[in-house]
Structures are given as structure tokens and as C-alpha cells.
Amino acid sequence: MQTKLSTYLFLLMLLLPFAGMAQDVVIPLWPNGAPGFENRRNEPEQAKDYWVKNIHNPSLTVFLPPKDKANGSAVVVCPGGGHRLLVYTAEGVDPAKYLNSLGITVFVLKYRLGRDTLSPYKIDVHAKQDGYRAMRLVRSKAVEYGLDTNRIGMMGFSAGGEVVDMVAYGEGKGDPKAIDPIDRLNARPSFLIQIYPGPLYIPDKLPYDAPSAFLLAANDDVCCSPSVVKLLQRYREAKIPVEVHIYTQGDHGFNMGYRSKLKSISTWPQRMADWLSDNNYLHPATPKRMKLH
């Protein structure tokens, strides 16, 4: 018995140095730093509790699904935080893990914050640039991560939803003459998931090839339920598929619903999972076959 215990303790001591060494893969959007701000890329981020800010080297953090569940679909997640910070845990890590459980590969975007303290950035310039680059970077890594380029979507919470709007409804085509091959790729997402998206950057008219969308908010969210209503109207005018859930109560910032006592809010991710499944985003669409008589 003593021998077995000693052996166990010895093996445990050997393994301890390796415990926790598995780190999330972090991919800078630009290897040498953001264009025009390369000299700030080594400035450390600030993080505490649930948030991250002081982002000068925008990046994607990769969250992989279990190998036996991976289905080739991917989502770029944009956390909210009013462009002052990123609600990184509840609107980045938590949705990533949920989507992983559905077999989706997730890339959580740390974009530059236009309202952070003494920020040199503008939302409609630099956060937008980061969103575009994130989509193109993920598309460039389709082979590496086993992704279907027809099933790469974006998900936004609150201010992150505004980043999604700028990318999804803007000019997504790449520059065929760009020196960087990543910048030649299309940035238009295949689908959108917008959870209480912010009110900025909703266009008066959607482009004809706008992605289909899943929209969700609480009716008593003074900030962001109007955004969902406005987007719904734009989608109906454009005759582009959309699914909308507006709950009676829940206010703003309920994240993935895990901390809510409201049953409708605490179970909303299942509605998203149903939509993803029903619209063939979890698996390639099965081609229709002609019936032979």
C-alpha cells in the first residue's frame, strides 16, 4: 500500500509542472501590430474580474470544440462593454464554450476600444478595421482549423453588435491587389447572431447579400430592443431570412442567461441552437435531389 502511494505521489509531482500549461491560442490580427499603431502592440492589456481593456494589439482567441463534435462551422464572437471595455468572460468565453458544445469553432475578438480612457481609436475606423480583419483572418485559416468557408458567422453582444453591423452590412469584398493575401479575402459573414445589439451603424437599407440573422433582446431594454426592432424591419424590407426573439423582461446585459432567474432568459441559448440547426449552420445543407418517376 505504501509503495503504491509513493508511486502515485511521485507521478503527481512529475505532472504538476505541466498542469495548466494548456493555453488558449491567441492570434494577433496583424503580426507586427495594428497598422499605424505598431509601436503600441506590446503594451499590456488590463484585466480584472469579468473585463478586459487597454487593447492595443487586437487579437483572436481560439476556442476549439471537442474533436468528435467539430462540424466545420465557425463564429467570431464580439463581446460588448460600451467600447470602454470588453465583457470578456460572460460575453466572450461563456458563449464560446456553449458554441463549442454544438461543434462550432469559436474565435473571440479583442477589438480596439474607442471610448477607453485616453483612447486614440475611433469606433467607426479602428473597431471596424478589427472586425473586418478578424473575419478575413479566420477565413484564411479555414484549412488549418477544418472550417467550411460557407459557414463562418459573427456574434455580437451590445457594443460588439455594432462591430458586427459595420462588418456584415459594409463592403465585404477584399482588395485583389492587396500585398497581404489575407486582405484579399471576403469579410462578409455567412450568418449573424445579435444579442441586444447596440443602436449604432444599422443601415437604412440592407445590401442584397446581407447575411441571415438571429436577433434577440428583452423588451424592457431601453438601449437595445429598438435596435432589434429596427433590424427586423430592415430584414423584412430586404426579404432576407431573419428570426427574432423579444422577451417581456430581462433588461440589458443578461449575457448567456446563466445568472438570470427568468426561465425565458436563462434558456435563450437553446433558441439560438435550434436556429443554427434548422438553418444548416451546424452541418452543410443537403443538396436536393430530383425525384425520378
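**Entry 1: S227 and its neighbours**

By contact I mean heavy atoms within 4.5 Å. With that settled, I opened the model, which is a predicted one, and went to S227. Leaving out residues up to four places away in sequence, I found S227 touching P197, G198, P199 and I202. S227 sits in helix 6, which runs over residues 225–238. Is S227 buried or exposed? Its relative accessible area is 2%, so I wrote it down as buried. I also looked at where its side chain goes: it reaches the backbone oxygen of P197 at 3.0 Å. P197 therefore appears twice in my notes on S227, as a touching residue and as the owner of that backbone oxygen, with S227 counted as buried at 2%.

**Entry 2: the whole chain**

I stepped back for the overall picture. I noted eight helices and 10 strands in the protein. Of its 293 residues, 49% are buried. I then looked up how far along the sequence the contacts reach. Among those between residues at least 6 apart, 74% join residues at least 24 apart. The protein exposes about 15600 Å², and carbon and sulfur atoms supply 55% of that.

**Entry 3: helix 8**

Next I walked along helix 8, residues 268–278. Which of its residues are buried? My list reads W268, P269, M272, A273, W275 and L276. Looking down the helix axis, I saw these buried residues fall within an arc of 160°, so they line one face of helix 8. That fits a rule I keep in the margin: an α-helix has 3.6 residues a turn, so residues three or four places apart point the same way.

What do the buried residues of helix 8 pack against? I counted in helix 2 (88–101) and helix 7 (263–266), along with strand 7 (152–157), strand 8 (191–195), strand 9 (212–218) and strand 10 (242–247).

Helix 8 also holds a charged pair. R271 and D274 form a salt bridge, with their closest N and O atoms 3.6 Å apart. The two are three residues apart in helix 8, about one turn. R271 is partly exposed, at 27% relative accessible area, and D274 is partly exposed too, at 32%. While on salt bridges, I noted that R133, D180 and D183 are joined into one network by bridges that share partners. After helix 8 comes N280, whose phi is positive, near 65°.

**Entry 4: K110, E45 and S59**

How many salt bridges does the structure hold? I have nine in my notes. One of interest to me is K110 with E45, whose closest N and O atoms are 2.9 Å apart. K110 is in strand 6 (residues 105–110) and E45 in the loop between strand 1 (25–28) and strand 2 (46–48), so the pair ties together parts 65 residues apart in sequence. K110 counts as buried at 11% relative accessibility, whereas E45 is partly exposed at 33%.

K110 came up again when I looked at S59, in strand 4 (residues 59–63). Setting aside neighbours within four places, S59 is in contact with V26, I27, P28, L29, V108, L109 and K110. S59 is buried, at 4% relative accessibility. I also checked S59 against F107: they are 48 residues apart along the chain, and their C-alpha atoms are separated by 9.2 Å.

Another salt bridge joins the side chains of K141 and E144, at 3.4 Å from N to O. E144 is exposed, at 55% relative accessibility.

**Entry 5: R139, a charge without a partner**

I looked up R139 in helix 3 (residues 123–140). R139 is buried yet has no salt bridge. Where is the nearest side chain of opposite charge? It belongs to D148, 8.2 Å away. Apart from neighbours within four places in sequence, R139 is in contact with T149, I152, L185, N186, A187, R188 and S190.

**Entry 6: two positive phi values**

Most residues other than glycine have a negative phi, and I went looking for exceptions. D49 has a phi near 50° and sits in the loop between strand 2 and strand 3 (51–53). N54, at about 55°, is in the loop between strand 3 and strand 4. Are they buried or exposed? D49 counts as exposed at 67% relative accessibility, while N54 counts as buried at 18%. The cut-off for buried is under 20%, so N54 falls on the buried side.

Definitions and conventions
Residues numbered from 1 in each chain as written. Predicted model: local features only at pLDDT ≥ 70, side-chain atom pairs only at ≥ 80, totals over all residues. Heavy atoms only, no water. Buried < 20%, exposed > 50% of the residue type's maximum accessible area, 1.4 Å probe, protein only. Helix = DSSP H or I, 4+ residues; strand = E, 2+ residues; numbered from the N terminus. Arc of directions from axis to C-beta. Lys, Arg positive; Asp, Glu negative; His and termini not counted. Salt bridge = Lys/Arg side-chain N within 4 Å of Asp/Glu carboxyl O. Polar contact = N/O pair within 3.5 Å; in protein donor to acceptor, adjacent residues only side chain to side chain. Areas by Shrake-Rupley, 256 points an atom, 1.4 Å probe, with all protein chains shown as cover.
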